[in-house]
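Q: Got a minute to go through the salt bridges in a model with me? I'll put it up here.

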Amino acid sequence: MSKRIDVKDLNVYYGKFLAVEDVSINIEAKSVTAFIGPSGCGKSTFLRTLNRMHEVIPGARVEGEVLLDGDNLYGQGVDPVTVRSQIGMVFQRPNPFPTMSIRDNVLAGVRLNNHKISKGEADALVERSLQGANLWNEVKDRLAKPGSGLSGGQQQRLCIARAIAVEPQVILMDEPCSALDPISTLAIEDLINDLKDQYTVVIVTHNMQQAARVSDRTAFFNIAGTGKPGKLIEVGDTHTIFSNPTQKATEDYVSGRFG
Amino acid sequence: MTTTSLTQSRCAGRAGDKVFSGAALAAGCLILAVLFGVALFLVVQAIPALVASPDKIQGGEGFFAYIWPIVIGTLIAAVIALVIATPVAIGVALFISHFAPRGLASGLGYVIDLLAAIPSVVYGAWGAAFLAREISPAYDWLANNMGWLPIFQGPASATGKTILTAGIVLSVMVLPIITSLSREIFLQTPKLHEEAALALGATRWEMIRMAVIPFARPGIVSAVMLGLGRALGETMAVALVLSSGALTASLIQSGNQTIAAEIALNFPEASGLKVSTLIAAGLVLFIITLGVNMIARWIISRHKEFSGAN
C-alpha cells in the first residue's frame with residue numbers, strides 16, 4: 001500500500017513568478033522523508049505539488065514530472081481528484097470538519113464519489129483508522145460528538161485518521177506539529193514512526209530536531225534572497241545531512257549558523 | 001509607589017470605553033423600545049375590532065373569519081416566492097463564490113445587488129403589465145394538463161393576475177437578498193476546510209457539499225428568513241399584480257389576498273371600526289413574522305454544537 005515518488009526537473013510557478021526551481025528528488029516507499037529549510041524557501045509549495053494541491057491557488061502551475069511508481073501525476077488526462085485520493089495530506093493547522101462528528105470526519109473521504117459502505121464496514125473502518133492514528137482509546141466513547149471539541153493534538157490525529165481511512169499510497173504532512181504543544185508533538189512523531197511501516201510519508205518541518213528524530217532521509221531547501229526561487233540544495237540520509245553534509249549551506253543551517 | 005502608578009489611569013481611554021458602552025446600550029434599548037411601541041400601538045388600536053360583535057366586521061362573521069383567508073393567502077404567496085427563489089439564489093451565490101471566473105463573478109454580484117435597488121412598485125407594474133400577460137398561456141397549459149392537482153385547477157385566469165404570478169414577482173424581489181447574504185457566507189468558508197475536503201480527493205461539488213454548505217447552513221437559514229420577511233410584508237407588488245378575491249386552492253385562478261395588500265388597498269378609504277380591523281390584520285402579520293424569526297433562530301441553535309463556532 002505504498003508507492004515511491006520520483007520528481008524530475010520540477011519548476012513551480014505562481015503566474016510568472018518562479019517559486020521553486022529545478023527540483024529532482026527520489027522519495028523511497030515505506031520511509032519518512034523530511035523537508036527542512038528556512039521560511040519561504042518553497043518546501044511547502046513543493047510538497048503541495050506532490051498531490052496537486054497547489055492548483056487550488058489561481059495561476060499556480062508546474063513544469064517537469066512527478067512520477068508515482070512511474071505514473072506521471074501531471075500526465076495528459078490525469079484527474080487531480082484521483083491524485084489526491086491516492087496521496088493524502090495533513091495540514092499545518094488541524095482542520096477536522098466542524099459540522100461533522102468524529103465518526104463522520106473519519107468517514108468523510110470514504111463517502112466521496114457516492115461510495116456506499118455498510119454500517120458494519122464503516123464501524124470497522126472507523127475503529128481501524130482511529131487506532132492507526134493512536135486516537136481510538138481517547139475518543140471511542142464519544143464518536144458522535146463534534147470533532148472540533150477535541151484538543152489540538154487530538155484534532156491533528158483525527159485528521160491523520162481521516163487521511164489514512166482512504167488508504168492512500170503516500171501521506172504528505174505540512175508542518176503537522178507547528179500548532180501543537182510538545183506532548184501532542186511527541187504523540188504525532190510516534191505515530192509517524194508507526195505509519196512508515198505501511199505508508200510513504202513526506203513531512204515538512206521547521207523543527208530540525210524533529211526532522212532528525214522522525215525521518216530516514218532529509219532534503220534541505222534554501223533560497224538565495226527575497227524574490228528568488230527556492231532550490232533543493234541537498235538530499236541524503238538524515239544522519240549524513242545532520243552530521244556530515246556535503247554542502248556548506250546545509251552545514252550552516254543544521255548547525256544554526258545562517259548565511 | 002507601585003500602588004499610585006497602578007491606580008493612576010489614562011482617563012481618555014476610560015471615557016472612550018464609557019461612551020461606547022453607553023452608545024451601544026442606548027442603541028439596543030432603542031430597538032426594543034421601538035419594537036415594543038409598535039406592538040403596543042397595534043394591540044391598542046386593534047382591540048375594538050377584536051371585541052366588536054361579529055356582524056359589524058367586514059363580511060359579517062367576525063374578525064377571525066375575516067382574517068384567516070388572507071393569512072393563508074399571505075403564506076401561500078410567501079411560500080411560492082421562497083420555493084422559487086431559494087434554490088436559484090443559492091445556485092447563483094455558489095456560482096459567484098466558487099465557480100465563476102473572478103471578473104465575471106464581481107460583475108454578476110453587482111447586477112444581483114442592483115435587483116435589490118429597484119423599487120417594489122416597479123416590480124408590481126412589471127408583473128401586472130408584462131409578466132401576467134405573458135404567463136397566462138402557461139397557466140392554460142397547467143390547467144389542461146395538471147388540472148387534477150387542486151393547485152392547478154382550471155379554468156385559468158385570462159389576465160394571469162393570480163397568486164402564482166404574485167409569488168413569482170415576489171421571488172424575483174427576494175432573490176437578491178438571499179443571493180448576496182449567501183454569497184458573503186460562502187466566501188467566508190475557511191480555506192482550511194475547503195482544502196481538507198480537496199485533499200481527500202473531493203471534486204469541487206463534493207467539496208462544496210462537504211465543507212461549504214454545512215458551514216453556511218445557519219447563514220442560509222437567516223438569509224431565507226430575511227427573504228421571507230420581505231415576501232410576507234411586500235405590499236405594492238402584490239396589490240398591483242394580484243386580482244384579489246376569496247380564498248381558493250387554485251394558484252392559477254384569480255382570488256386570494258395577502259394581509260399587506262389588503263391593508264394597502266383598503267386603508268385610504270377606511271374609517272372607524274374598519275381601521276381597527278385593518279390594524280388588527282397588521283398585528284396578525286407582525287405576529288407571523290415574529291414567529292417565523294423565532295423558528296429560524298431555533299433551527300440555527302439546534303445545530304450550534306456542530307457550527308464550528310466552538
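The chat below goes through salt bridges and burial.

A: Sure; this is a predicted model, where local features need pLDDT of at least 70, side-chain atom pairs count only at pLDDT 80 or more, and totals for chains, interfaces and linings use all residues. Residues are numbered from 1 along each chain as its sequence is written, chains are lettered from A and ligands numbered from 1 in the order in which they are written, and side-chain values use heavy atoms, with hydrogens and water left out.

Q: How many salt bridges over all chains?
A: There are 18, counting a side-chain nitrogen of Lys or Arg within 4 Å of a carboxyl oxygen of Asp or Glu.

Q: What does B:Glu195 meet in a salt bridge?
A: A:Arg48, at 2.8 Å from N to O. That pair crosses between chains, from helix H7 (residues 191–199) of chain B to helix H1 (residues 43–49) of chain A. Helices here are DSSP runs of H or I, at least four residues, numbered from the N terminus.

Q: Are B:Glu195 and A:Arg48 buried or exposed?
A: Both are buried, meaning under 20% relative accessible area, with exposed over 50% and partly exposed in between (1.4 Å probe, protein chains only).

Q: And which residue does B:Lys191 pair with?
A: B:Glu194, at 3.9 Å, N to O. They sit three residues apart in helix H7 of chain B, so about one helical turn separates them. B:Lys191 is exposed at 52%, while B:Glu194 is buried at 9%.

Q: New topic: which residues are linked in a network?
A: A:Arg4, A:Asp6 and A:Glu28, through salt bridges.

Terms used
Helices (H or I, at least four residues) and strands (E, at least two) are DSSP runs, numbered from the N terminus.
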